[in-house]
Amino acid sequence: MSDIRTQSLQKPVTVAEYLFRRLHQIGIRSVHGLPGDFNLVALDYVPKAGLKWVGSANELNAAYAADGYARAKGISALVTTFGVGELSAINGVAGAYSEHVPIIHIAGCPSTISQRNGMLLHHTLGNGDFHVFANMSENISCDVAKLVKASEIAYQIDHAIRECWIRSRPVYIWLPTDMVEKKIEGARLDTDIDLSEPENDPDREDYVVNVVLQYLHGAKNPVVLIDACAIRHRVTEEVKQFIDKTKLPVFVTPMGKGAFDETSEHYGGVYAGTGSLPEVAKRVEGSDLVLSIGAIKSDFNTAGFSYHTSQLNTIDLHSDHCTVRYSEYPGVAMRGVLRKVTERIDMSKLSVTPSPQVENAVAENKDDSQVITQAWFWPRVGEYFQEGDVVVTETGTANFGIWESRFPKGVMGVTQVLWGSIGWSVGAAQGAALAVKDLDQDRRTILFVGDGSFQLTCQEVSTMLKHDLRVTIFLIYNEGYTIERYIHGMDADYNDIVRWNYTDIPAVFGAKDGQAQKFVIKTKDELEKLLKDKNFNEYKGLQFVELWMPKDDAPRALKLTAEISARNNSRIEDEQ
């Protein structure tokens, strides 16, 4: 007997088919996650929608990988099961929320019937509350869609996806088992979801543009400072057009690295307060106008809040507001403002001064020993990078050391400076490399990770091998948590780790003959030989490099930031 509730549907499709086809339509090709009994039937629809199931070793790794995939491809999807699965992933999703990364998190949950009857099911807290985990995710999601009413589900899915894209933050979709194969209207699939950003109010936008132009035209030595949200909210092309026209000096923050072509004559380096190189700090802090685009002024992004710039000399452009000096303009987004400022700026009124020249300072940081030092290593790998590389750096020495590497054109920097969850980079590298493969691009994904961080999430090497991903891993072997040592406990045993046979990892995780290469590098000469090797540079599979560096060595910027962080951690109320 036909269901009267579906007789009026023009093109009936199941909820799962609708959801996964929508993911395909917005460009997702691979879905991260783990199977669980509350999502198994839904997962049957993944390949039917033209999507590939990734599969990870655990949900936390899958969330990290979804983060990396979204950074490289624009948006990603993560599927977990109720309670135990979604809570394992919640740290990774929280990091994506913190850092403005769009992930569509789909959590399979018990049927609406089981919930109404208050059944004492596995994966619950045993108290009859089936909403507790969704409530936890609500604070790290820009939209929560509970798919419990068939007539509203298509709209809920479309709305959640649009919010995820526009606001560049995770959304949470709650999918009960008895809703997976419910029939809903599929005719909506004939029309793509409108992912265009809302336009600014023209009058308010014009007012902000005029104010920005007034200060730009009046400045004697303006500079541009690009930060993470310029990347996350997809305005790097508008920034490029603005710089192409104005020729203003450009600097990036640590989180903004990769947002602008570092081979450009207008690029001046990384600005992070006292963590900056002296010539960079002098240029930015001596400016009478800083045009800041997409700023996230966190402690590690500013070397411990050590900016020496004045808000009186700053214009901040953001995804949902603009601030000119101390005047804030809510609801005026940066994209429209940037476009109009570029169009209307009067070059005859603009004062332009040259940028500092940026090079990889290899020779200046090379000493007579064979020890691979942090000061020499990072400029040296800057020379190793190629156009289009995807460079992933872990929280710790790599996040700070990469400031000293000048990127070739088109390099994508992937780093988690604000959330800073150790181990994130291994999963993120897998996700980024998979996105590159899904885009059918010939790009290297290069991961720099410390030995301590690697031990948290090393299982994702197996996923890299499973999908034949092109990843080169530089494992920095320095006997533990170096960043923690510099904050507190240089010789404390809680900052030590067990020595692993790291180069055996690919084999342990199933590498086949010819699928992976491994190296142990202990000297500068050995590293020079490796970085110049043609096969190493062109290899299409997994490469694992165990790189020996001193236990008590760290990048210059890390030492400075850690010292400030330690002081902040030890402050007492009377000092504040």
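The exercises below work through helices, single residues and empty space in a predicted model.

**Exercise 1. Compare the end-to-end distance of helix 7 with the expected span, then state which of its residues are buried and what covers them.**

Step 1. Helix 7 runs over residues 150–167, which is 18 residues.

Step 2. At 1.5 Å a residue, the expected span is 26 Å. The C-alpha atoms at its ends are 26 Å apart, so the two values agree.

Step 3. The buried residues of helix 7 are Ile153, Ala154, Gln156, Ile157, Asp158, Ala160, Ile161, Glu163, Cys164, Trp165 and Ile166.

Step 4. The cover over these buried residues includes helix 1 (15–25) and strands 5 (103–109), 6 (144–146), 7 (171–176) and 8 (183–185).

Step 5. Directly after helix 7, Ser168 has a positive phi of about 50 degrees.

**Exercise 2. Describe helix 15, then place Gln430 within it and list its contacts.**

Step 1. Helix 15 has 15 residues, and the distance from its first C-alpha to its last is 21 Å, close to the 21 Å expected at 1.5 Å a residue.

Step 2. The helix is mostly covered, with 13 of its 15 residues buried. Just after helix 15, Asp440 takes a positive phi of about 60 degrees.

Step 3. Gln430 belongs to this helix, which covers residues 424–438. Its relative accessible area is 0%; buried means under 20%, so Gln430 is buried.

Step 4. Leaving out residues up to four places away in sequence, Gln430 touches His32, Val54, Ser56, Ala65, Glu460, Thr463, Met464 and Leu469.

Step 5. With one of these, Glu460, the side chain of Gln430 makes a polar contact of 2.8 Å.

**Exercise 3. Is Thr80 buried or exposed, and is Asn139 buried or exposed?**

Step 1. Thr80 lies in strand 4, residues 76–81. Asn139 is in the loop between helix 6 (132–138) and strand 6.

Step 2. The relative accessible area of Thr80 is 0%, so this residue is buried.

Step 3. For Asn139 the relative accessible area is 63%; exposed means over 50%, so Asn139 is exposed.

Step 4. The contacts of Thr80, not counting residues up to four places away in sequence, are Leu34, Asn39, Glu59, Gly85, Glu86, Ala89, His105, Ile106, Ala107 and Gly108.

Step 5. Asn139 and Ala94 are 45 residues apart along the chain, and their C-alpha atoms are separated by 8.7 Å.

**Exercise 4. Where are Arg234 and Arg325 found, and what is the phi of each?**

Step 1. Arg234 is in the loop between helix 9 and helix 10. Although not a glycine, Arg234 has a positive phi of about 60 degrees.

Step 2. Arg325 is in the loop between strand 14 (321–324) and strand 15 (327–330). Arg325 is not a glycine either, and has a positive phi of about 55 degrees.

Step 3. Arg234 has a relative accessible area of 23%, so it is partly exposed. Arg325, at 30%, also counts as partly exposed.

**Exercise 5. Give the volume and lining of the largest pocket and of the second largest pocket.**

Step 1. The largest pocket holds about 790 Å³ of space. It is lined by 34 residues, and the closest to its centre are Ile231, Thr236, Gly258, Ala259 and Val411.

Step 2. Two or more lining residues come from each of helix 3 (59–73), helix 9 (228–232), helix 10 (236–246) and strand 17 (412–415). Helix 10 gives the largest share, 4 residues.

Step 3. The classes in this lining are 14 nonpolar, 9 polar and 11 charged residues.

Step 4. The second largest pocket has a volume of about 470 Å³. Among its 29 lining residues, Leu277, Ala361, Trp403, Glu404 and Arg556 are the closest to its centre.

Step 5. At least two residues of that lining come from each of strand 11 (267–270), helix 11 (278–285) and helix 13 (374–384). Its classes are 13 nonpolar, 8 polar and 8 charged.

**Exercise 6. How many cavities of 30 Å³ or more are found, and which residues are closest to the centre of the largest cavity?**

Step 1. The search of the whole structure gives 4 such cavities. The largest has a volume of about 140 Å³.

Step 2. It is lined by 17 residues, with Thr395, Gly396, Gly450, Ser453 and Thr482 the closest to its centre.

Step 3. Helix 14 (397–401), strand 18 (445–450), helix 16 (451–457) and helix 18 (482–487) each give two or more residues to the lining.

Step 4. By class, the lining of the largest cavity has 5 nonpolar, 9 polar and 3 charged residues.

Notes: Residues are numbered from 1 along each chain as its sequence is written. This is a predicted model: local features need pLDDT of at least 70, side-chain atom pairs count only at pLDDT 80 or more; totals for chains, interfaces and linings use all residues. Side-chain values use heavy atoms; hydrogens and water are left out. The expected span of a helix is 1.5 Å times one less than its number of residues. Buried means under 20% relative accessible area, exposed over 50%, partly exposed in between (1.4 Å probe, protein chains only). Contact means heavy atoms within 4.5 Å. On a 1 Å grid over the protein atoms alone, a cavity is a set of points where a 1.4 Å probe fits but cannot get out, and a pocket is an open set with protein on both sides within 12 Å along at least five of seven lines; lining residues have an atom within 4 Å of a point. Grid points are joined across faces, edges and corners, and a volume is the space filled by probe spheres set on the points. Ala, Val, Leu, Ile, Met, Phe, Trp, Tyr, Cys and Pro count as nonpolar, Asp, Glu, Lys and Arg as charged, and the others, Gly among them, as polar. A polar contact is a pair of N or O atoms within 3.5 Å; within protein, one must be able to donate a hydrogen and the other to accept it, and residues adjacent in sequence count only if both atoms are side-chain atoms.
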